[in-house]
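Biologist: Please take one part of this model, the strands and the loops that join them, and look at it closely. I should be grateful for a single connected account that a first-year student can follow.

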Amino acid sequence: MPLQILQEPAVEPLTLAEAKLHLRVDIPDDDALIAALITSVRQYAETITRRAFIQQVWSYVIDSFPGPTLIGVPWGKTFTLPAHAIEIEKSRVQQVLAVDYLDMSGNPQGMPAADYTVDYSSEPCRITPVFGRIWPIPLPQIGAVNVRFVAGYAAPVVFSGSTVAVQGAWKPYAAGDAVQFSNVGGLLPAGLSPGTSYFIASVVAPGVYTLAVAPGGPAIVLSDAGSGVSLVGVVPEGIKSWMKIRMTSLYEYRGDVVIPERGKVEPLAYVDRLLDPYKVVF
C-alpha cells in the first residue's frame with residue numbers, strides 16, 4: 001500500500017467520558033476496553049471514508065511521477081483529473097510537506113515547492129507541475145517518489161494571551177482567513193465558542209496567530225488557555241455520531257453478530273472491516 005502513516009493523531013475525536021455517556025457506563029472497569037474501541041472505530045471510519053480526522057502526517061510512496069508528460073488541462077473542461085497529476089488518496093490534505101524522489105544516480109532529491117502546484121480544495125488532492133515545468137526524471141525503481149503531507153479536519157492548538165499556536169505541521173493561515181475551533185475533553189478559552197467563525201488578525205510567526213471577531217478587527221485578548229485539547233477545525237458531528245453507534249455494537253455484543261430481541265441474527269460486516277488498515281493489497 002503506497003500510503004504509510006508517519007504521525008498518529010495526538011487525540012481521538014471522542015473522549016472516554018463522551019463514549020461512556022453514550023454507552024451508559026458509569027463504572028471504570030471497562031475504561032481500557034472502551035478507549036481501545038474509540039481508536040478502533042475511528043480507524044475503521046477513516047478507512048471507509050479515506051479521510052484523516054485529527055492531524056496526521058502521511059507518506060505517499062509511488063514508483064514514478066505520473067505521465068504522460070502532457071502539461072496543462074483540456075480547454076473548456078471545468079474540472080479534470082489530469083493524467084500527469086499525483087492524486088493523494090487521503091483527505092483532507094492540509095499541507096504538502098515535500099515531494100522527494102531518487103535521481104538517476106540514486107541520490108535523494110527534493111522538488112522545489114515553486115515547481116509544483118497543489119489543489120487543496122479537491123478531493124482527492126491534486127498535485128501537478130506548475131505551467132511550463134515537468135516532473136523530474138526519477139530513478140526507474142520501485143518506491144522512487146515520496147510525497148509527505150499532513151491531513152485532517154482539525155489540529156491541536158495552544159492558546160496563550162492573545163495568540164494561538166498550531167502544534168505541528170498544518171496549513172498556513174493569512175490575515176483575514178476564517179477559522180473555527182473545537183475542543184476535546186475540556187473547554188475553549190473563555191470568550192471563544194465552538195464552531196464560531198473567527199478571523200486571523202495577524203501572523204506573529206509561522207503557525208502562530210492573533211485572532212479577531214471580525215475581519216480587520218482588533219486582536220482578541222484571552223484571559224485563560226482553556227482546558228483539555230483545543231483544536232483549530234471541527235470534526236463533523238455526523239462522523240462522531242457514526243463512531244458512537246458502531247462502538248455501541250462492539251461494546252454491547254463483543255462479537256460479529258447481534259441477536260436482537262426479535263430473535264433474528266444479524267451479521268455485523270463492519271467488524272471484519274476493522275482489519276482493513278492492516279491488509280496488504282496486491
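Modeller: Helices and strands are here DSSP runs, of at least four residues for a helix and at least two for a strand, and they are numbered from the N terminus. The model itself is predicted.

With these names, the place of Pro124 can be stated: this residue lies in the loop between E6 and E7. The peptide bond that leads from Glu123 to Pro124 is cis, and its omega is near 5°. Most peptide bonds are trans, so this one deserves a student's attention.

The strands on either side of that loop are partners. E6 and strand E7 (residues 125–129) run antiparallel and are joined by four bridges. Within this pairing, Val118 stands opposite Ile127 in E7. Both strands belong to an open sheet of three strands, whose order is E3-E7-E6 and whose pairing is antiparallel. Strand E3 (86–88) and strand E6 (116–119) form the edges; each has a single partner strand, so one side of each is left without a neighbour in the sheet. From one strand to the next, the twist of this sheet averages 20°.

From E3 the account passes to another loop. Arg92 is found in the loop between E3 and E4. Here too there is a cis peptide bond, running from Ser91 to Arg92, with omega near -10°. Arg92 also takes part in a pocket: the second largest pocket is lined by 16 residues, and those nearest its centre are Arg92, Gln94, Tyr153, Lys171 and Tyr173. Two elements, E4 and strand E11 (178–179), give two or more residues to that lining. The space in the second largest pocket is about 350 Å³. Sorted by class, its lining consists of 10 nonpolar, four polar and two charged residues.

E4 leads in turn to the other sheet of this account. This is an open sheet of five strands, with the order E1-E2-E8-E4-E5 and antiparallel pairing. At its edges stand strand E1 (3–7) and strand E5 (108–110); because each has a single partner strand, one side of each is left without a neighbour in the sheet. On average, neighbouring strands of this sheet are turned by 25° against each other, direction ignored. Strand E4 (residues 93–102) and strand E8 (residues 145–151) run antiparallel and are joined by seven bridges. One pair to find on the screen is Ala98 and its bridge partner in E8, Arg148.

Tyr173, already met at the second largest pocket, also appears in the lining of the largest cavity. A search of the whole structure finds one cavity of 30 Å³ or more; the volume of the largest cavity is about 40 Å³. Other residues in its lining include Val157, Val164, Val166, Phe181 and Leu211. Strand E10 (163–166) and strand E14 (208–212) are the elements that give two or more residues to this lining. The class count here is 10 nonpolar, no polar and no charged residues.

One further loop completes the account. Arg24 lies in the loop between helix H1 (16–23) and H2, and its phi is near 60°, a positive value in a residue other than glycine. Most residues other than glycine have a negative phi.

How values were computed: Residues numbered from 1 in each chain as written. Predicted model: local features only at pLDDT ≥ 70, side-chain atom pairs only at ≥ 80, totals over all residues. Heavy atoms only, no water. Pairing = 2+ DSSP bridges. Axes fitted to C-alpha atoms, helices over the stretch in contact; angles between N-to-C directions. 1 Å grid on protein atoms, 1.4 Å probe; cavity = no way out; pocket = protein on both sides within 12 Å on 5 of 7 lines; lining within 4 Å. Points joined across faces, edges and corners; volume = space filled by probe spheres on them. Nonpolar A, V, L, I, M, F, W, Y, C, P; charged D, E, K, R; others polar.
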